[in-house]
Amino acid sequence: MVENSIHTATLSSKGAPIVHHPKRSFGETTEKGYKVEPLEFTWNRPEAEFQNAIDYILHDHAWYRSLLLKSHDCTMDEKKRICRILVKETMQHSELEEQLLWPFLKHKLGDEGERIRERILSDEQKLRELLQDMEHHFDDSFALEKSLRIFEAELVESMEEEETVTLPTLAKICSAEELREAEESMIKSRPYEPSHPHTWAPQKDLGIGFNKLNQIVGMVDSVRDALSGNQ
Ligand SMILES: [Fe+2]
C-alpha cells in the first residue's frame, strides 16, 4: 500500500505560454495516491509547469480525462479530431515517461524497480498497438468508435495504475531536484518526441543512441503531421 506521503509542489513560472500553477487544482492526494479530476475541456493541451515531473504527468492525465469525456458527447467529426489528438499527445506523454521517469525505478529500487518498469513498458506497448488500431480506422466511423472505447478503457486503467502506484512510489524515492529536472527535460523534449505509434521501436536499454533514434522518428512524425494538417 502506498503511503500518503507524497508531496507539496514547489512552483515557479518560466513565462508565457506556460501556465504557472500556484497549486495542483486538478485532483487531490489521498491515501491511495493521486485522485485526478478532468480539466475543463480544451482542444489544445494546456501547457503547464509545476517544477515537478509528477504534477506535469498528472496534469496531462487530467486533460486526457476531459478529452475522453468530450468524446462521449460530440459529433463524429469532433470524435475523429479527439482521436487524432489522443494519438499524438498520449504517444509523446508515454515517451517522456519512459525516458525521464521510469528509469528512476531501476536506478533507485534495483531489480524490484526493474520488474515494475518492465510491467509498465508492456502495458504501454499494448496502448501503442491500440493507438495504431485507432489510426487504421479513421475512415470507418463504426470501427473507430470501437477502437476508441477499447483504448479509453486501457488508458484509464493505465493512468490509475500510475496515479495509485508508480507515481506515488517515485514521489517517495526521487528528490525534489530530480523531479524538477525531469520536468524541465520533459517540457524541452516533448515537441521532438514521436507523435505516432511505432510498435517496432525499442523500449529497453534507453541511452543516447535510443534518444537520437527517437528524435529522428519524432522529426519524421512532425513532417508527416505538417503535411496532413494534423498539428
Ligand atoms: Fe501517464
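The following questions and answers concern a predicted model of one protein chain.

Q: What is the mean pLDDT of the protein chain?
A: The model is predicted, and 74% of the residues in the protein chain reach a pLDDT of 70 or more. Over residues 1–17, however, the pLDDT is below 50, although this stretch has 37 contacts in the model beyond near neighbours in sequence. For the protein chain, the mean pLDDT is 82.

Q: Which pattern does the protein chain follow when read along the sequence?
A: The secondary structure of the protein chain comes to seven helices and four strands. Read along the sequence, these elements give the pattern β-β-β-β-α-α-α-α-α-α-α.

Q: Among contacts in the protein chain between residues at least 6 apart in sequence, what percentage joins residues at least 24 apart?
A: One example of residues distant in sequence is the pair Glu49 and Ile187, which are 138 residues apart along the chain and 8.1 Å apart in space, C-alpha to C-alpha. Among contacts between residues at least 6 apart in sequence, the share that joins residues at least 24 apart is 75%.

Q: Is H1 parallel, perpendicular or oblique to H6?
A: Two packed helices are described by the angle between their axes and the distance between the axes. Helix H1 (residues 53–71) and helix H6 (residues 176–189) have axes 7 Å apart and pack at an angle of about 50°. With that angle, the arrangement of H1 to H6 is therefore oblique.

Q: How many residues of the contact of H1 with H6 are charged?
A: H1 contributes Ala53, Ile54 and Tyr56 to the contact, and H6 contributes Leu179, Ala182, Glu183 and Met186. Of these residues, six are nonpolar and no residue is polar. The number that is charged is one.

Q: Which element gives the largest share of the largest nonpolar core?
A: In soluble globular proteins, nonpolar side chains tend to be buried together. The largest nonpolar core here has 39 residues, and those with the most contacts inside it are Ala53, Ile54 and Met134. Elements that give two or more residues to this core include strand E3 (33–36), helix H2 (76–101) and helix H4 (111–135). The largest share, nine residues, comes from H1.

Q: Which residues are in contact with Ala53, leaving aside its neighbours within four places in sequence?
A: Ala53 is one of the residues with the most contacts inside the largest nonpolar core. Ala53 also takes part in the contact of H1 with H6. Leaving aside neighbours within four places in sequence, the residues in contact with Ala53 are Leu100, Leu101, Leu179, Ala182, Glu183 and Met186.

Q: What is the phi of Gln51?
A: Most residues other than glycine have a negative phi. Gln51 lies in the loop between strand E4 (48–49) and H1, and because it has 21 C-beta neighbours inside 10 Å, Gln51 counts as buried. Although Gln51 is not a glycine, its phi is positive, at about 60°.

Q: What distance separates the C-alpha atoms of Glu177 and Gln51?
A: Glu177 is placed in helix H6. Glu177 has 9 C-beta neighbours inside 10 Å and so counts as exposed. Glu177 and Gln51 are 126 residues apart along the chain, and their C-alpha atoms are separated by 8.7 Å.

Q: Is Phe142 buried or exposed?
A: Phe142 is found in helix H5, and its C-alpha atom is separated from that of Met76 by 10.0 Å. A residue counts as exposed if 12 or fewer other C-beta atoms lie within 10 Å of its own. Because Phe142 has 8 such atoms, Phe142 is exposed.

Methods. Residues numbered from 1 in each chain as written. Predicted model: local features only at pLDDT ≥ 70, side-chain atom pairs only at ≥ 80, totals over all residues. Axes fitted to C-alpha atoms, helices over the stretch in contact; angles between N-to-C directions. Parallel < 35°, antiparallel > 145°, perpendicular 65-115°, else oblique. Contact = placed C-beta atoms within 7 Å. Nonpolar A, V, L, I, M, F, W, Y, C, P; charged D, E, K, R; others polar. Core = buried A, V, L, I, M, F, W, Y, C linked by C-beta atoms within 7 Å. Buried ≥ 20, exposed ≤ 12 C-beta atoms within 10 Å, placed from the backbone. pLDDT = per-residue confidence, 0-100.
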